[in-house]
Amino acid sequence: MFQGGRAQAAIDLYASIFPGFTVVSMENYGSGDNTPGFVKIARVDFDGHPLIVIDSPIPHGFDFTPSMSLFVDFDGAADLDRAFERLAEAGDVKMALADYGFSARFGWLTDRFGVSWQLNLPKGQ
């Protein structure tokens, strides 16, 4: 759940980074609603994992937290590095890309929308 009408920008960013991120359906609030143009509900397929993305029509005193992250495995270091760099723009890096022992290359960040990502290159990749 995004606030302030930021869901569409987040969807656009994620679709531009991850080839397997596709919008299955989307409904926006209409001109007669309090938040016209905001995403009422978007159903997304992220490499076979269904996600629902919405804009909250009312402000809340809470937002995303890093206690829930999207964990993404990559087949190659170049793709992981590119995705990490794009997601980190105006975000907050929690763990810089490095070999922490449990993977060949790993990084954790919160993107500009507040969504937490753990990006991983499994050992042997």
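**Pockets and sheet of the predicted model**

The lining of the largest pocket comprises ten nonpolar, two polar and five charged residues. The model is predicted. This pocket has a volume of about 360 Å³. It is lined by 17 residues, and those closest to its centre are Phe-18, Phe-46, Asp-47, Val-72 and Asp-73. Three elements each give two or more residues to the lining: β3 (49–53), β4 (69–73) and α2 (77–88). The largest share comes from β4, with four residues.

The second largest pocket has a volume of about 200 Å³. Its lining holds twelve nonpolar residues, with no polar and no charged ones. Aromatic names in this lining include Phe-2, Tyr-14, Phe-21, Phe-64 and Trp-117. Met-1, Met-68, Leu-70 and Val-115 also line the pocket. So do Leu-51, Ile-52 and Val-53. Strand β3 gives the most to this lining, with three residues.

Strand β3 also belongs to an open sheet of three strands, in the order β1-β2-β3, with antiparallel pairing. The edge strands are β1 (21–28) and β3, and each pairs on one side only. From one strand to the next, the twist averages 15°. Strands β1 and β2 (residues 39–46) run antiparallel and are joined by seven bridges. Within this pairing, Thr-22 stands opposite Asp-45 of β2. Helix α1 (residues 7–17) lies across β1, β2 and β3. The helix runs at about 165° to β1.

Key:
Residues are numbered from 1 along each chain as its sequence is written. This is a predicted model: local features need pLDDT of at least 70, side-chain atom pairs count only at pLDDT 80 or more; totals for chains, interfaces and linings use all residues. Side-chain values use heavy atoms; hydrogens and water are left out. On a 1 Å grid over the protein atoms alone, a cavity is a set of points where a 1.4 Å probe fits but cannot get out, and a pocket is an open set with protein on both sides within 12 Å along at least five of seven lines; lining residues have an atom within 4 Å of a point. Grid points are joined across faces, edges and corners, and a volume is the space filled by probe spheres set on the points. Ala, Val, Leu, Ile, Met, Phe, Trp, Tyr, Cys and Pro count as nonpolar, Asp, Glu, Lys and Arg as charged, and the others, Gly among them, as polar. Two strands pair if DSSP finds at least two bridges between them. Axes are lines fitted to C-alpha atoms, for helices over the stretch in contact, and angles run from 0 to 180 degrees between N-to-C directions. Contact means heavy atoms within 4.5 Å.
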